[in-house]
Amino acid sequence: MGVATVTSTTGDAGTEAIKGAGPAQLEVRGVTKAFPGCLANDDISFRIEPGEIHALLGENGAGKSTLVKIIYGVLQADQGELIWEGAPVTIQSPHDARKMGIGLVFQHFSLFETMTVLENIALAMNDVRDMDALRKQVEEVEKTYGLPLDPDRHVYTLSVGERQRIEIVRCLLQNPKLLILDEPTSVLTPQEVEKLFETLRRLADEGCAILYISHKLHEVKALCQKATVLRGGKVVGGCDPREETAKSMAEMMIGQKLTAPDRGESRTFGDVRLDVSNLSLLSDEQFGTHLKDINLEVRGGEIMGVAGVAGNGQNELFRALAGETEQEAAPDTIKIDGKSVAHFGPRRRRRLGATFVPEERNGHGAVPDMSLSENGFLTAFRRMALSAKGLIREMPTKSFADNIIKTFDVRTTGAGAEAGSLSGGNLQKFIVGREILQDPGVLVISQPTWGVDAGAASAIHQALLDLAAKGTAVLVISQDLDEIFAICDSVVVMAEGKMSKPRPMADVSIEEIGLLMGGLHDLEGDVTPANNLEVEGGRVGQA
Amino acid sequence: MVRLEPRRQHSQAMVYLSPVLAILMTLVVGGIIFAFMGKNPLDALYTFFILPINNSYGLSELFVKATPLVIIAVGLAMGFRANVWNIGAEGQLTMGAIFGGGLALYFYDSESVFLLPAMFVLGALGGAFWGAIPALLRTRFNANEILTSLMLTYVATLFLSFLVHGPWRNPEGFNFPESRPFPDAGLLPVIYDGTRVHLGTAVAVLVVIAGWLLLSKSVIGFQLRVVGKAPQAARHVGFRQKRMIWFTLLLSGGLAGLAGLFEVAGPIGQLQPSISPGYGFTAIIVAFLGRLHPVGILFGGLIMALTYLGGELAQITLGLPNAVTGLFQGILLFFLLACDVLTKYRVRFGSIAAKGRTA
């Protein structure tokens, strides 16, 4: 019994059961897992029936990832057991899990950047003999489930959204009986989300159980039949999402009342503080998206959203604005408070009062194995005068970090803690706080709440609104349309490196934005959204 | 099945204990090797590690040998921190000796007090020049500095050999492949009478202090660390990687050149075909033994210097081959890296890992 086994010990129970009354696809019984100084999972129990779409809800740090890792064989539980199709099993490795029929789409993609899509898929398969046959299989799955991918592209050239598609495809290839998805829709257009849901529903109809982890509660509501809510490593409740509201589920997750972001009174805008005109830029990356004739103006006090599917030039736009690109644009294509800066590096732009928050926290916005103090110093040492005569001023550096931690309610052991030890939401609060406390004239922020829990997300939204109210021009690059609708005053949409004309938020519908995201631009000719409504959205319609 | 599993948090104490552990294990394995060679292991270890330094002259020799190791390793550690892998310190050391020593030979009858400082400058410039070549190749053509700096070592060594066999050979030296002896004004003063401890040893201590200040207190040291740990974050805030490549290669090359000059202007006193028993390579071990931290490097340098002294003594008194020195250095590096791996990862045996109990 101690040996890993996937065979049923109760033999007849599975075969004689009537549909619906048989054993659960997976039952988790009393699973407990402790890490040094932290009880990540505390006596967790729930069950998923075959064909059920089951949501796992909880803030970051609630223990969802640990539980998923236990189910997938990455970690072993200290106590408790997993029952698979009625029989207790030990899952010693992801290899075992895959053999049993468990597929997982990780939140942080486990892909090799320097290998092609096909090679990455082959690596995750237990046993690949024939690459050509695999290629055919991949293309078939892509077609069946509407997941366009070029098998020969190298992963490092792909956007986040495209990378996720690889993960989904490689799970589907193995005909899973239980598919686990961790935050799968963060990078998709509404139309693509709907497509993914169709895929998932079809899978569920075929009897596949789905464990769906998401912060987007209205998606959970639309998709899932059951939900288990975790908080602090414990199950705090279960519900039928179809009978709950997004708000009630969010409150269950965080264990307190949720307040909607306060947009203040009708807002007035000042002068243009960030001005991008006729910006065209070749991408640094081989398969990147080139920026084509980008125009936008953000006024003081205004929050402008940049919507779009991942990989349509948002990364390039962010890097161009932050001054990270190697290519140089004509100086006056980007202006900060009227001053031409496109030929400046990041430090000179920051000196003019612009600050930036990149999408990736670890390794881009922060250095994971440096302390919070040092990470505060990283972008703020000029504006906050944290250095003098080429030396680091220890005291002001530490008190700046302390100030961020206090003002933005960053949960940590102190300014000496390594950035990598913080949860995603807390690190994001720290990074956003670091830029906001520098009192910027312009803030460009990419995916402000990606992979961030509901509590932290609402704090970040409120902070951005407060910042704008003080006269800062804020540009929010986001794939999360809810976020854009919640905090932005106006919106532009990027598709294939081009940008739509800005629209006031009040004048656009989510469907229109979805169509623009698919590349149906009002830039080339006078196609109005109304004419396009019969075209199916998404990139398919663009071809 | 045995596998390595990353530790969620690694103990800070272990990071500093691991060199100590590595040294202890090196001693044990060294003892076993001595036993196999038919020597009493305790006697042999005593000869190797205690005897060399149980008198004041021996101790002073330890400082003489540690001086170049420490100076070079501090420079290398700066580069290693920024992921710039200068493996060619031996060549930069040689070029420093050639540049600085060349000046002494040109003014071979000088008595000027400015000769020695000028040699310092030229020595550092010579090493920096030799470090600049890999920097240029890396930043301009993206050529790997590990290869280029290593290959340039052989160029420098052969160039020195050419000079002392040819144009710079001592005209009064009976055709030996050696330069003239340096003039007194071009020799480092001994700072402790009756020993060979020279001014360079004092400079090594200053280099350690300056290195520590640079790395942990200065903005440029901060930039080095960020570039090494998170290149994308460095680009995001405008710390330019190319500048760091230039900075670290010039700095480590310059320090290696200075160390080379100290050797020829100190213990050796002239140019000869071989001026270093591999200090430039051993300094790489020193840098890692010292955790890439200048203060740690000071201790690491002393320990590695001891292996040189012990190796010499073992040759003389025990009749062991000179390779024993290299053997000990190799074993030490091996255990050091192994300890580091175990600090960051834990070994898991697959069969024990399963804990999901069946009721």
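How many Å should the 25 residues of helix α12 of chain B span, and how far apart are its end C-alpha atoms? At 1.5 Å a residue, the expected span of α12(B), residues 294-318, is 36 Å, and the end C-alpha atoms are 35 Å apart, so the two agree. The model is predicted. Chain A has 18 helices and 23 strands, whereas chain B has 14 helices and two strands. The points below take the chains, the core, the sheets of chain A and the backbone in turn.

**Chain B overall**

- Chain B has a radius of gyration of 22 Å. The globule rule gives 21 Å for 359 residues, so chain B is as compact as a globular protein of that length.
- The C-alpha trace of chain B spans about 90 × 60 × 35 Å along its principal axes.
- Buried residues account for 49% of the 359 residues of chain B.
- Take the contacts in chain B with a separation of 6 or more: 77% of them come from residues 24 or more positions apart.
- Helix α12(B) is followed directly by Gly319(B), which has a positive phi of about 70°.

**Chain A overall**

- Chain A holds 543 residues, and 49% of them are buried.
- Consider contacts in chain A between residues at least 6 apart in sequence. Of these, 68% join residues at least 24 apart.

**Nonpolar core**

- The largest nonpolar core has 259 residues.
- Six members touch the most other members. Ile180(A) and Ile210(A) come from chain A. Val70(B), Ile72(B), Ala73(B) and Ala287(B) come from chain B.
- Ala73(B) can be followed further. Leaving out residues up to four places away in sequence, Ala73(B) touches Ala283(B), Val286(B), Ala287(B) and Gly290(B). Ile297(B), Gly300(B) and Gly301(B) are also among the residues that Ala73(B) touches.

**Six-stranded sheet, chain A**

- The strand order is β6-β7-β8-β3-β9-β10 in an open sheet of chain A with mixed pairing.
- Strands β6 (102-105) and β10 of chain A form the edges, each pairing on one side only.
- From one strand to the next, the twist averages 20°.
- Helix α7 of chain A, residues 190-205, lies across β3 (53-57), β7 (178-182) and β8 (209-213) of chain A. Helix α7(A) runs at about 145° to β8(A).
- Strands β9 (residues 226-231) and β10 (residues 234-239) of chain A run antiparallel and are joined by five bridges.
- Arg231(A) is opposite Lys234(A) in β10(A). Leu230(A) has Val235(A) as its bridge partner in β10(A).
- The hairpin of β9(A) and β10(A) has two residues between the strands. Gly232(A) in this hairpin takes a positive phi near 55°.

**Four-stranded sheet, chain A**

- Another open sheet of chain A has the order β12-β11-β14-β15, and its pairing is antiparallel.
- Its edge strands are β12 (291-299) and β15 (339-340) of chain A, and each pairs on one side only.
- Helix α10 of chain A, residues 314-322, packs on this sheet and touches β11, β12 and β14 of chain A. The direction of α10(A) makes about 60° with that of β12(A).
- Three bridges link strand β11 (residues 272-281) of chain A to strand β14 (residues 334-336) of chain A in the antiparallel sense.
- Asp275(A) is placed opposite Lys335(A) in β14(A).

**Positive phi outside glycine**

- Most residues other than glycine have a negative phi. Two residues of chain A take a positive value.
- Asp337(A) is not a glycine, yet has a positive phi of about 50°. Asp337(A) sits in the loop between β14 and β15 of chain A.
- Asp337(A) has 17 C-beta neighbours inside 10 Å, so Asp337(A) counts as partly exposed.
- Ala385(A) also is not a glycine and has a positive phi of about 55°. The loop between α12 (372-380) and β17 (387-388) of chain A holds Ala385(A).
- Is Ala385(A) buried or exposed? Ala385(A) has 11 other C-beta atoms within 10 Å, so Ala385(A) is exposed. The cut-off for that class is 12 or fewer.

Definitions and conventions
Residues are numbered from 1 along each chain as its sequence is written. Chains are lettered from A and ligands numbered from 1 in the order in which they are written. This is a predicted model: local features need pLDDT of at least 70, side-chain atom pairs count only at pLDDT 80 or more; totals for chains, interfaces and linings use all residues. The expected span of a helix is 1.5 Å times one less than its number of residues. A nonpolar core is a set of buried Ala, Val, Leu, Ile, Met, Phe, Trp, Tyr and Cys residues joined through C-beta atoms within 7 Å. A residue is buried if 20 or more other C-beta atoms lie within 10 Å of its own, exposed if 12 or fewer, and partly exposed in between; C-beta atoms are placed from the backbone. Two residues are in contact if their C-beta atoms, placed from the backbone, lie within 7 Å. The radius of gyration is taken over C-alpha atoms; the globule rule is 2.2 Å times the number of residues to the power 0.38. Two strands pair if DSSP finds at least two bridges between them. Axes are lines fitted to C-alpha atoms, for helices over the stretch in contact, and angles run from 0 to 180 degrees between N-to-C directions.
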